[in-house]
Amino acid sequence: MQEQRDFGNRYHLIDKKALEEKKLDKDELLKFFKESQLDQFGKQYNVVSVIGSQSTGKSTLLNKVFGTSFDVQDRTKQLGQTTIGIWVSRDKNANVLVLDVEGSDSVERKAGENMVENQTALLALAMSHAFIINVFMNSLGQHTSCQLSIIKIIMQMNLKLFQQDTVKHIIFVIRDWEEEANYDDAKNRLYQYLINIWNDIPKPENFANAQFDDLFKVQVFTLVYFKMKKEFDEETLELREKIVNPSTQTGFDYEKNIPMIDMSYYLSNIWDTIANNKDLNLPGEKTLISNMRCQQIKQDTIEILQKEIQQIEKAISEGLVDGYGQKAKALLEKGKDNYYKDAKDYQKNVVQEKLDELEGELMNKFYQLYQQQVENLKHFYLTKLQDDFVEIKRIQDVHELPVIIDGLREQMQQFDQSIKESIIREDIWQEQNQIKQFKNQQDHLIRQFIENRISTHKHQLDNIIKSECDKIISKQCVNLTKDFWPQIEQQFYAALNYRYDRYQEVMIDLKLSEEFQDVNLQQFENDSFESLDRVLQLYSQRFKEQLFQQFKQKFCRDVAGQPRNWQKLTEEEIFHIFTDAKNEQLQLLELLRTKKIKIIKRQDLKIAKKYRSSIQIGRPSKTKEIEEENEDILINETYYSQIKTQLLEDFDVQYQDAIQKHKQDFLQNIPKPFWFLLLFFMYDDVFRWLGNPLLLYPILLLICFVGFCIAIGLHSLPKIAFQHLVGTINGLIGPILFGGLSKLKSG
């Protein structure tokens, strides 16, 4: 039948069941600690145990010193063993755990069961800071009564099983002390007993040079006979103060304690090792307990924070989290505070190790969320940037762009601030690299947008330059003069330089690289000159018509712009006017044939200036080469010859027409009836002439010639020939006819 446990002010730690099964009931022990509020001690406690012969008042001593309620022997009722195994209780006021150990030399123990004494004493030594040995004055010098055999075993087991991590306090309490007794002699005698035992026992290699005082601290207290109540109370109170008060010379190192809440696990492991005679390592056991408990506290802390972390994780998955860095830092500090509050009483190195692990795990989780936060920030600011681009595209005036782009860059600096608000500490998540990468990405997008706008603006400038070229050349083509090329050059460069300067100004304000500016300005100049060439080529098709019109203006009209009266001019005067007008237009045609414009490209001049210092003296200057007149052929040789031929033909037609009008004056004075009369008398002669092959065939050839000229497009050739023929005939026949008529009239 299981022994009934006592969960009052005491607990039977090592009972018959524990001795037989060689293990403790951790759950019941923990329950006792909680009910007795021992778990609230933390690490601020002492453990005191007592050994001594049976029925020597050990339990009575503990009850008197610490206010415990261990069972004591009532000699009026029975004699013999009172304490079995080990009982545990607590001080009535102080943080002291008290162990009442079974007395030695018990007759109730069977032969061969002295190992129980050793095991219980060893457990008491393992747990205790202060180890009280209860002896009587009249027993000093007796090996058994002074517990020297137990002490020897304890020392041996201490070196064999323990890796000592604290100094043990061995406190001899000499009972029934007489005032006249020699205290110093008793103290020295007990100390010498311990030194002799220490010197006799074999020592492991790591303790070969260890001194007794390195591992043990010995004190001797005396107590008068317990029936001397007043003196006994005073002396037990003094003994209590030296044990429970850490400010006294008997103070203990609390930092090496394990938290009392884990004492049930610790005792269970210690007893399992001692009962089974295993190698025991107290620091190792403490480290094991510290690791186990700190690991559990770490996991509990993570569990506590998990809900809040999941809330942040959900918020980040849905979008930006304002002040993420502060929230993560607050959770980290909360976790560290919660952990340290519960783990501070364990071994410092273990506490710090697990604290570092906790911080590392939390930081890893926060870093994962931080990366998602960074992606959200990038998406937010890049989306905003794209939206801004859409709005900016609606702005027509490109000169407004620099101020707007500067505003965009300032807005993008908010990303830097948002990143700084999303970190826990600086320079742990390489945030500067992320800021730099995003800035490069942002600059690339802005630069790409600017370049696209600049490209669009350049296209607009190209159209403007083309339109300006059209206006300039069309204006000059209205009246072709010898100043045709200088006028075009002057007006073209005025328009080009104005647009060039504005274009360059925009790119400078947009902080574009000098290389980009040079490339675009050079392309702008090249395209502008190409536009000029194309417009010139187009208008060159109109040169013939314009030259012909100018010839007619010059030839057919006088200085006042009135039509010329050819009848009043002699043929010589007409020919002179014709020659001047023709030569003037042919000279203009020759002038227009070759493009005479100085090609001065500012970008080329800029390049030449950079390398001017490297040009040797006497060597042609690149600038001079650039400024040489460009004499590109505008009208090729074939087309030039065609235009010239057509102009000469058209000029000749005008000249013949003028001559005809000049010579028509005397024929117009002949009456028309005369021409009918002449035709009446001559028609029979005409038919007779046609019957003559010598006349018929030339007439037919003449008709075929006219038809052929019309068929191949030379309409003016028959006309010119006919006019020339009529003029010749008129010149020959007219005088004869008018001379004959004059003679008839005079006769």
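Here are some numbered notes on this structure, which is a predicted model.

1. Overall make-up. The protein has 747 residues, and 43% of them count as buried. Its secondary structure comes to 24 helices and 9 strands. If you look at contacts between residues at least 6 apart in sequence, 76% of these join residues at least 24 apart. On the outside, the protein exposes about 41,300 Å², with carbon and sulfur atoms supplying 51% of that area.

2. How far to trust it. The average pLDDT is 77, and 80% of the residues score at least 70. Over residues 1-8, though, the pLDDT is below 50, and this stretch has 17 contacts in the model beyond near neighbours in sequence. Among the elements, helix 18 (residues 571-593) has the highest mean pLDDT, at 89, while helix 20 (residues 622-627) has the lowest, at 43. Residues 611-630 also stay under 50, and the model gives them 28 contacts beyond four places in sequence. Where pLDDT is low, the predicted coordinates should not be read in detail.

3. Strand 1. Is this strand buried or exposed? All told, 5 of the 5 residues of strand 1 (residues 10-14) are buried, so the strand is largely enclosed by the rest of the structure. Strand 1 runs antiparallel to strand 3 (residues 86-90), and 4 bridges join the two. To find the pairing on screen, start from isoleucine 14, whose bridge partner in strand 3 is isoleucine 86.

4. Alanine 126. This residue sits in helix 4 (residues 114-127). Alanine 126 has a relative accessible area of 5%, so it counts as buried. Its C-alpha atom is 9.6 Å from that of tryptophan 271, although the two residues are 145 apart along the chain.

5. Helix 10 to helix 12. The structure holds 21 salt bridges. Side chains of opposite charge can pair when their charged atoms come close. One of the pairs is lysine 298 with glutamate 357, where the closest N and O atoms are 3.1 Å apart. This pair links distant parts of the chain, 59 residues apart: lysine 298 belongs to helix 10 (residues 282-318) and glutamate 357 to helix 12 (residues 348-393). The lysine 298 end is buried, at 2% relative accessibility, whereas glutamate 357 is partly exposed at 27%.

6. Helix 12 to a loop. Which residue pairs with glutamate 359? The partner is arginine 425, with 3.4 Å between the closest N and O atoms. Glutamate 359 lies in helix 12 and arginine 425 in the loop between helix 13 (401-420) and helix 14 (431-477), so the salt bridge ties together parts that are 66 residues apart in sequence. Glutamate 359 counts as buried at 15% relative accessibility, and arginine 425 as partly exposed at 36%.

7. Within helix 14. Aspartate 462 and lysine 458 form a salt bridge with the closest N and O atoms 2.8 Å apart. Both residues are in helix 14, 4 residues apart, or about one turn of the helix. Aspartate 462 is buried, with a relative accessible area of 14%, and lysine 458 is buried too, at 10%. Elsewhere, salt bridges that share partners join Lys298, Lys354, Glu357 and Glu361 into one network.

8. A nonpolar patch. Leu695, Leu696, Tyr697, Ile699, Leu700 and Ile703 make a nonpolar surface patch of about 540 Å². One of them, isoleucine 699, lies in helix 23 (residues 693-711). Isoleucine 699 has a relative accessible area of 36%, which makes it partly exposed.

Key
Residues are numbered from 1 along each chain as its sequence is written. Side-chain values use heavy atoms; hydrogens and water are left out. Buried means under 20% relative accessible area, exposed over 50%, partly exposed in between (1.4 Å probe, protein chains only). Contact means heavy atoms within 4.5 Å. Accessible areas come from the Shrake-Rupley method with a 1.4 Å probe; for residues, only the protein chains shown count as cover. Two strands pair if DSSP finds at least two bridges between them. Patches are made of residues with over 30% relative accessible area and no salt bridge: like charges are joined within 9 Å, nonpolar side chains (Val, Leu, Ile, Met, Phe, Trp, Tyr) within 5 Å. A salt bridge is a side-chain nitrogen of Lys or Arg within 4 Å of a carboxyl oxygen of Asp or Glu. pLDDT is the predictor's confidence in each residue, from 0 to 100.
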